[in-house]
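Please look over the structure shown below with an eye to its cysteines, and to what each of them is doing in the model.

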Amino acid sequence: MLRRLIINLQGAVQGVGMRPFVYRIAKELALKGYVLNNSSGVTIEIEGDKDVLDEFLLKLHRDKPPLAHIFSQELNYKEPYGYKDFEIRQSTDEGRIEAAVLPDIATCELCLKELLDLKDRRYAYPFINCTNCGPRFTIIEGLPYDRPNTTMKVFMMCPECEREYEEPVDRRFHAQPNACMICGPHVSLYRNDGTLLAKRENAIHILIYEIKSGGIVAVRGIGGFHLICDARDEGTVSLLRERKRRQEKPFAVMFPDIESVKRYADISILEEALLLSPERPIVLIKRKDSSGGEGDFVPLASSVAPGLKRIGAMLPYSPLYHIILKSLSFPVVATSGNFSDEPIVKDNDEALRRLSAFVDLILIHNRPIHRRCDDSVVKVIGGFPALIRRSRGYAPMPLKVPFRLKKNVLAVGGFLKNTFAIGFDDKVILSQHIGDIETVDTIEYFGEAVQDFCRLYNFKPHTIVYDLHPGYETTRWALSQEGVEKLGIQHHFAHILSCMTENGIGLEEEVLGVAWDGTGYGDDRTLWGGEFMVCGYKGYRRVAYLRPFRLLGGEKAIKEPRRVALSILFELFGENALDMDVPMRRSFNKQELYLLFRAWQKGINSPLSTSAGRLFDATASLLDIRQSLDYEGQAAMMIEDLYDENIKDSYPYEIRNGVIDWRQMFQAILTEKERQKVPSRFINTLSEIILRVSKTQGIEKICVSGGVFQNDLLTRRVKELLCKDFNVLTQRKVPPNDGGISLGQAVYGGLHCE
Ligand code: ZN
Ligand code: ZN
Ligand code: FE
């Protein structure tokens with residue numbers, strides 16, 4: 001029986017080779033009709049025998065292109081229309097924009113082969129791409145995803161490229177950024193004083209020579225500029241730190257290939273898979289202590305990641321980086337091109353203006369970057385890959401939520417490692433990494449990025465959700481918006497909702513949330529961060545928390561572990577702490593100590609906090625590992641490095657009326673004879689606390705979130721201890737740190753009814 005079938009596909013279905021694929025199978029099965037992209041996805045209309053239509057559907061789902069993700073399909077059977085042939089039709093663009101905008105995807109194997117093939121017409125062409133790879137998110141100006149809506153619109157394709165683009169069976173059919181040496185973008189090299197040095201191949205040759213001779217260069221990549229130099233050269237790397245005013249925060253390292261990574265680091269199969277994945281994130285891996293005695297091995301400069309065992313490693317992900325790294329064949333520092341915490345530089349003139357102080361040479365190109373996108377960071381936590389920073393390669397893939405949101409929401413996120421999110425129907429779309437929102441530049445960037453998202457998705461929020469912290473710039477921004485409903489949500493509740501959502505917790509379910517982080521604003525206006533909360537989507541009950549202590553000097557204590565340790569000593573010994581012989585105490589003079597004691601006694605500029613993250617700081621200070629911090633989480637990372645899995649014991653503690661009293665633990669740490677065992681016993685104690693509180697609640701599902709759970713050893717230990725009686729759910733798709741709270745905020749707002 002002859003039927004006509006209309007199929008509407010939603011998801012990541014544009015720019016992934018869906019239409020040529022559909023064309024091929026329709027032709028194979030001799031079906032008539034058409035396929036087209038529209039703003040909600042892909043529409044296919046085919047007619048033929050019912051059995052053949054069924055076969056088409058099977059092939060559609062079974063054999064679809066590797067990057068295609070179909071989130072939903074709508075099928076409508078109708079009377080035949082009488083199509084004569086099968087064709088690919090022009091895109092239509094009316095209606096609601098829902099088609100998934102794709103992330104930027106690393107150069108695929110086939111393109112890489114052509115790139116390195118002397119006989120290929122795109123040999124060594126730094127902008128080679130195809131339907132399966134290349135830039136997307138960073139070049140899209142509007143939807144649907146078609147060349148006139150990308151920054152590639154300024155390049156007229158040459159006849160050869162045009163032919164590939166128009167030919168349905170070609171692997172570059174409708175590859176929007178399709179280009180070649182003749183018609184496409186190219187690179188130019190500038191000296192830091194603004195003089196043009198060279199163009200095209202020559203530019204790359206000089207750049208490579210400069211890196212080889214110890215220079216620092218800026219290179220325009222996919223989502224912005226990178227600063228690049230030889231990662232093995234201590235002098236150069238230190239100089240880069242000096243110029244960028246970045247003291248100790250680790251630099252990412254780009255390796256030429258996976259073999260080279262293995263010479264420098266011990267990686268698991270999972271870590272190898274992550275490094276090679278099409279998202280090509282920075283993966284946090286453990287560096288080797290020594291090379292194993294290979295002849296020409298030169299170790300990484302220690303200032304790449306001072307004081308840490310882990311390094312952030314990545315592989316080349318754009319043709320330009322493939323060319324550069326191939327001819328260097330040694331690892332380079334590849335850190336985002338910006339001044340300390342400012343947004344990554346993306347435009348050419350901006351680079352010449354702002355980066356010339358950091359570098360000797362600047363390699364630019366003329367394919368405009370429409371929006372910034374930093375590199376993503378992934379770490380294996382508790383046996384699973386987890387995102388620490390979700391950006392290039394991942395953003396803006398929509399996250400499907402296990403229910404429908406009742407309204408359109410914009411969630412503004414937090415203030416550190418900010419992402420924001422929009423939510424509608426059964427999806428939440430998280431922005432790329434925006435960064436710490438502290439400087440005028442970052443506040444501006446945040447506002448622009450929100451506007452850009454709303455324009456791209458033709459999105460108008462009904463509700464804006466913000467963190468209750470009155471000091472967050474994002475909160476201020478939210479409260480200043482007019483003509484829209486506004487809704488505040490507690491910080492740690494947002495962490496747990498984020499974890500619940502990505503783990504598919506149902507609407508009526510309850511979980512025990514363990515939200516441990518640096519600090520977040522609590523309902524009682526103190527700084528929370530060691531919370532146990534029974535959570536549903538509508539609300540929560542705080543059932544247990546760490547015993548509060550004072551943060552001496554407020555904000556200062558967040559940067560200085562010694563202040564937290566001193567506060568803990570005051571809690572234990574009162575005034576007697578002033579005379580104790582501990583390393584941290586020696587870093588204060590007598591008068592400072594006395595003033596801090598008075599401040600502690602009277603609660604002057606010393607807010608109460610229940611933060612678990614700060615307890616890591618206190619421990620690092622008592623062990624004299626770290627008295628002040630250069631970046632968030634530094635002390636905790638150092639403690640993690642010192643964990644020894646053979647040590648299973650722990651310290652005593654007490655829980656009374658839901659208050660977890662850590663005083664006995666710190667007493668034990670102070671008198672510990674085997675100091676090298678403190679980090680392990682400290683982390684073991686925290687894990688046991690989580691087990692004990694979990695046992696009091698009788699809830700099977702335990703959602704753990706918050707920056708503290710970026711700690712692999714803590715997360716593993718918790719899973720080990722709880723696996724018998726509980727189901728421990730962690731964050732994987734979005735970061736457990738504050739980069740993930742926008743998801744929880746969006747879901748809360750989308751389900752909220754007045
Ligand atoms: Zn490709
Ligand atoms: Zn061309
Ligand atoms: Fe947090």
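The report that follows takes up the metal site and then the question of disulfides.

The model is a predicted one. In it, the zinc ion (ligand 2) is held by four protein donors, namely the SG atoms of C158, C161, C180 and C183, which lie 2.2 to 2.3 Å from the ion. The arrangement around the zinc ion (ligand 2) is tetrahedral, because the four donor atoms subtend angles of 104 to 118 degrees. Ideal angles for four tetrahedral donors at a metal are 109.5 degrees.

Along the chain, the donors of the zinc ion (ligand 2) follow the spacing C-x2-C-x18-C-x2-C. Since C158 lies in the loop between α3 (109-115) and α4 (159-166), while C180 lies in the loop between α4 and β6 (187-191), this pair ties together parts that are 22 residues apart in sequence.

The burial of several cysteines, two of them zinc donors, can be set side by side.

| Cysteine | Relative accessible area | Class |
|---|---|---|
| C158 | 9% | buried |
| C180 | 1% | buried |
| C130 | 1% | buried |
| C454 | 17% | buried |

How many disulfides does the model contain? With a disulfide taken as a pair of cysteine sulfur atoms within 2.5 Å, the count comes to zero. C454 illustrates the point: the cysteine sulfur closest to its own belongs to C373 and is 17 Å away, which is too far for a bond. C454 nevertheless counts as buried, at 17% relative accessibility.

Definitions and conventions
Residues are numbered from 1 along each chain as its sequence is written. Chains are lettered from A and ligands numbered from 1 in the order in which they are written. This is a predicted model: local features need pLDDT of at least 70, side-chain atom pairs count only at pLDDT 80 or more; totals for chains, interfaces and linings use all residues. Side-chain values use heavy atoms; hydrogens and water are left out. Donors are N, O and S atoms within 2.8 Å of the metal (3.2 Å for Na, K and Ca); water is not among the atoms, so sites may look incomplete. Four donors count as tetrahedral if all angles lie between 85 and 135 degrees; four count as square planar and six as octahedral if opposite donors are over 155 degrees apart and all others between 65 and 115; anything else is irregular. Helices (H or I, at least four residues) and strands (E, at least two) are DSSP runs, numbered from the N terminus. Buried means under 20% relative accessible area, exposed over 50%, partly exposed in between (1.4 Å probe, protein chains only).
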